[in-house]
Amino acid sequence: MKLRIRDFFALLIVFSSLVGCQDTTIQREQRLFNEDWQFHLGEVDDPSASDVSWAEVVLPHDWSIRQSYQPENTAASTGFVPGGIGWYRKSFKVPEDGRQTTVVFDGVYCNAEVWINGEYLGKRPNGYSSFAHELTPYLRYDVPNTLQVKVDHSAYADTRWYTGSGIYRDVSLVRTHPVHVAQWGLQITTPQVSESEAEVRVNAQIVGASPETEVVLDILGPDGALIGTTNMTESSGVGYSAVLKVVNPQRWGLETPALYQAVAHVKHQGQEVDQQTQNFGIRSIRFDADQGFFLNEESVKIKGVNIHHDAGAFGAAVPKSIWEYRVAQLKSIGVNAIRMSHNPHSPLLMEVCDELGMLVMDEFFDEWHQPKGKSLVYLGDNQAKGDIAQGYSDVFMEWAERDLKDLIRRDFNHPSVIMWSIGNEIEWTFPDYSKAFSVINPNHAGYGQTPEFDPEKVKATFDEVTGGVDSLALIAGMLSEWVKEMDTTRYVTCGSVRPSIAAASGYADAVDVLGFNYRAECYDAAHETYPEMKIIGSENWGAYSEWENVASRPFVAGMFAWTGFAYMGEAGPWPRKGLEISFFDYAGFKTPRGHFFECLWVEKPKVYAVTTRAEESEFSYDPELGWRFDMQMTAPPVWSQLRRWEWYQNIHPYWNYEEGELIVVQAYSNCEEVELLINEKSLGRKLRSDFAEDNIVKWKLPYESGQLTVKGYNEGQLVTEDQLISAGKASTVMATVAYGAAEGDDIIPVALQLHDAEGNPVRHEESQIKIALAGAELVAVDNGWEKNVANHYLPMITTHEGRAMLFVRALGEQEITLNLETGSFTEKLTLTD
């Protein structure tokens with residue numbers, strides 16, 4: 001069993017606490033509290049009654065994905081999974097040693113109510129917020145205590161995407177001396193950063209502080225060596241603070257995400273009673289209205305993606321190793337930023353972004369006090385009504401300030417975070433914005449046509465429509481003010497769908513950087529009309545035109561494509577559980593769109609081929625007119641415009657058709673020239689620049705069985721190639737460790753691929769595979785397909801495009817073997833790194 005660095009530090013903290021107790025010094029003990037929970041699905045009058053049945057579970061736990069997909073009593077919005085009410089309980093003992101005890105929940109979806117030994121501690125409606133409860137006044141010592149949590153997700157259509165249900169993130173138990181660093185009580189900023197020197201400012205909030213309390217601050221370098229120490233001084237309203245200089249700092253960046261540590265030693269009456277360690281990065285950030293974004297005073301074009309908080313087969317209960325896998329996948333295709341759409345995400349994901357060098361837009365919520373429409377049967381039907389659709393908007397006015405400020409407290413020290421977003425497409429819930437837009441822009445085409453931006457015309461019409469009072473701008477100003485109360489070192493943003501109105505109404509004035517959602521046609525007019533406005537594409541189609549509109553404009557800081565990974569929800573009709581409109585599918589396999597954007601965002605030469613029957617292709621060729629593109633809009637009853645988010649229709653990563661059938665071949669590349677060969681016979685080279693409209697080199701030709709090869713050339717020299725080979729019937733399956741090592745207790749993704757007798761990958765047919773493991777635990781299975789509604793927790797999987805993904809947990813240092821059985825063959829494989 002390998003010992004990871006984070007495990008080592010956790011053990012070190014516990015060891016320090018034990019040594020401290022022996023020396024009559026009480027130290028902090030913080031440990032995961034995920035084991036030995038019991039769970040009951042369903043409402044009960046008395047959870048302590050003897051007739052209530054309980055199942056043993058280990059947290060994190062998402063009962064929705066465990067119950068699997070169901071067409072009845074579920075909703076398209078949330079991915080066709082059940083909600084309901086669930087109860088959790090756990091018994092535990094603590095010694096009577098003078099320490100205070102707190103339980104910390106990283107996320108419970110939703111309406112979490114907590115009791116300790118029958119005493120009610122409180123409720124948290126927001127299913128994404130991290131929160132804590134003090135247990136000390138109600139504890140019994142050296143006898144069992146009972147912690148109970150009720151989770152009410154009976155409103156199973158409460159959002160527009162998959163949420164999950166239950167205690168789906170980590171729980172921790174924290175025990176401290178009465179004088180200690182508060183939860184999220186260390187705040188670190190680097191207000192002055194250069195190549196030669198950095199200023200590090202640290203504030204510490206100390207619970208129970210008195211004149212007999214002193215705090216000493218250590219700063220450790222990325223190698224763990226002590227590089228500075230100082231006494232922190234107390235000042236009213238600030239707590240304890242200190243400033244340290246770091247010479248020749250290793251600045252946190254995309255390629256070198258160096259992390260320092262601030263260690264606060266709390267002494268009381270001469271003894272050290274608490275120690276808190278916080279990771280941080282030394283870096284500077286800056287947005288400029290003309291030149292975009294700068295990291296450490298170097299211009300960086302943001303190449304971002306949006307993601308939701310679920311991860312395929314894991315639902316919302318996602319372990320850190322899977323986030324590491326996913327972020328590494330994104331970085332491999334050139335992604336350098338993530339928008340956490342549209343709510344607070346897992347602390348584990350935030351850690352990974354720090355560790356791997358990924359910029360973050362940290363977002364608050366998708367709706368404020370007025371809800372958006374929720375879908376019942378298919379995306380856009382807006383038929384989820386009544387009790388099943390009640391959500392956070394009902395309590396927004398009561399909880400917004402606390403939830404927003406808690407998010408900032410929790411994530412304050414992450415160097416990856418560069419922006420706080422106060423909302424997404426909020427204008428859709430304020431009808432006056434669209435009404436005014438229609439009055440100002442009659443017969444507007446919807447997408448691609450630049451609206452009127454003249455401030456006087458827009459403001460006059462908007463005031464006439466609203467009567468001069470805009471509650472959206474007022475609430476946005478309130479939210480932004482709350483952000484600035486907590487953090488003035490980062491930028492406030494939002495995702496706007498009516499930027500021409502927002503710029504005149506006052507909404508845009510509430511933010512530092514205005515995000516444009518699918519409004520590339522507005523970039524130039526906005527910049528010309530409001531030259532001081534800082535602009536970013538906060539949500540963009542994964543299309544070549546979207547990137548070109550950003551890359552060709554220095555004043556646009558970057559873009560966030562929708563989406564990085566396929567997500568559940570915004571779905572339907574059954575069995576379409578979600579939207580695979582992404583760079584990677586649910587299982588983590590790279591999609592054609594991911595290959596395409598890799599060609600745009602990574603300099604390494606690449607070419608990638610896909611094929612389509614000519615009769616099914618959106619591309620057609622005429623000898624006189626050349627290539628044409630006719631978008632096949634999404635078929636009813638689903639919203640036709642969904643096609644703008646989807647990739648090109650009916651494209652396949654294989655070369656298996658009927659002899660003589662006309663096929664359109666697409667080649668994605670960043671090379672100057674691309675050559676197509678069929679069975680080593682060249683059909684000629686084509687300049688990529690001749691396909692500047694969509695950056696796709698295309699051929700139309702009759703199918704000929706054998707080998708299709710595309711080659712990429714720069715300056716006339718062959719630099720890369722890709723092949724598709726006509727495959728026979730599947731006769732074997734290969735397993736590859738997709739990320740990580742086949743050892744330790746992390747979860748390892750293992751990719752399965754069907755092959756024919758000649759060893760060629762089979763992508764045009766499917767097999768059901770039964771799975772048996774030795775030396776490892778099978779955690780979940782997935783095939784990445786948006787219509788896969790099979791249970792992820794059974795030892796079988798049907799491939800999609802000839803492949804599937806297993807997620808396994810190694811059992812110590814044992815060798816891992818797979819026994820894979822289909823209807824026509826059986827394989828026994830040994831996994832290696």
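Visitor: When do two aromatic rings count as a pair, and how many aromatic pairs does a search of the whole structure find?
Guide: Rings of Phe, Tyr and Trp (its six-membered ring) pair if their centres lie within 6.5 Å, and planes under 30 degrees apart count as stacked, over 60 as edge-to-face and the rest as tilted. This is a predicted model, in which local features need pLDDT of at least 70, side-chain atom pairs count only at pLDDT 80 or more, and totals for chains, interfaces and linings use all residues. Residues are numbered from 1 along each chain as its sequence is written, and side-chain values use heavy atoms, with hydrogens and water left out. Searching the whole structure gives a number of aromatic pairs equal to 50.

Visitor: How many residues apart in sequence are the parts that the pair of Phe365 and Tyr392 ties together?
Guide: Phe365 and Tyr392 form a tilted aromatic pair, 4.6 Å centre to centre with 55 degrees between the planes. Both residues lie in the loop between strand S23 (359-363) and helix H5 (396-411), where helices (H or I, at least four residues) and strands (E, at least two) are DSSP runs numbered from the N terminus. The parts that the pair ties together are therefore separated in sequence by 27 residues.

Visitor: Are Phe365 and Tyr392 buried or exposed?
Guide: Buried means under 20% relative accessible area, exposed over 50%, and partly exposed in between (1.4 Å probe, protein chains only). By that rule, both Phe365 and Tyr392 are buried.

Visitor: Which kind of pair do Trp547 and Trp601 form?
Guide: Trp547 belongs to helix H11 (residues 544-551) and Trp601 to helix H12 (residues 592-601), so the pair links distant parts of the chain, 54 residues apart. Trp547 counts as buried at 8% relative accessibility, and Trp601 is buried with a relative accessible area of 5%. Their ring centres are 5.5 Å apart and their planes stand at 75 degrees, so the pair is edge-to-face.

Visitor: At roughly what angle do the axes of helix H3 and helix H4 cross?
Guide: Axes are lines fitted to C-alpha atoms, for helices over the stretch in contact (heavy atoms within 4.5 Å), and angles run from 0 to 180 degrees between N-to-C directions. The axes of H3 (residues 320-332) and H4 (residues 347-356) come within 9 Å. They cross at roughly 45 degrees.

Visitor: How many of the 10 residues of H4 are buried?
Guide: The buried residues of H4 include Leu348, Met350 and Cys353, and the buried residues of this helix pack against H3, S23 and H5, among others. H4 is largely enclosed by the rest of the structure, because its buried residues number seven.
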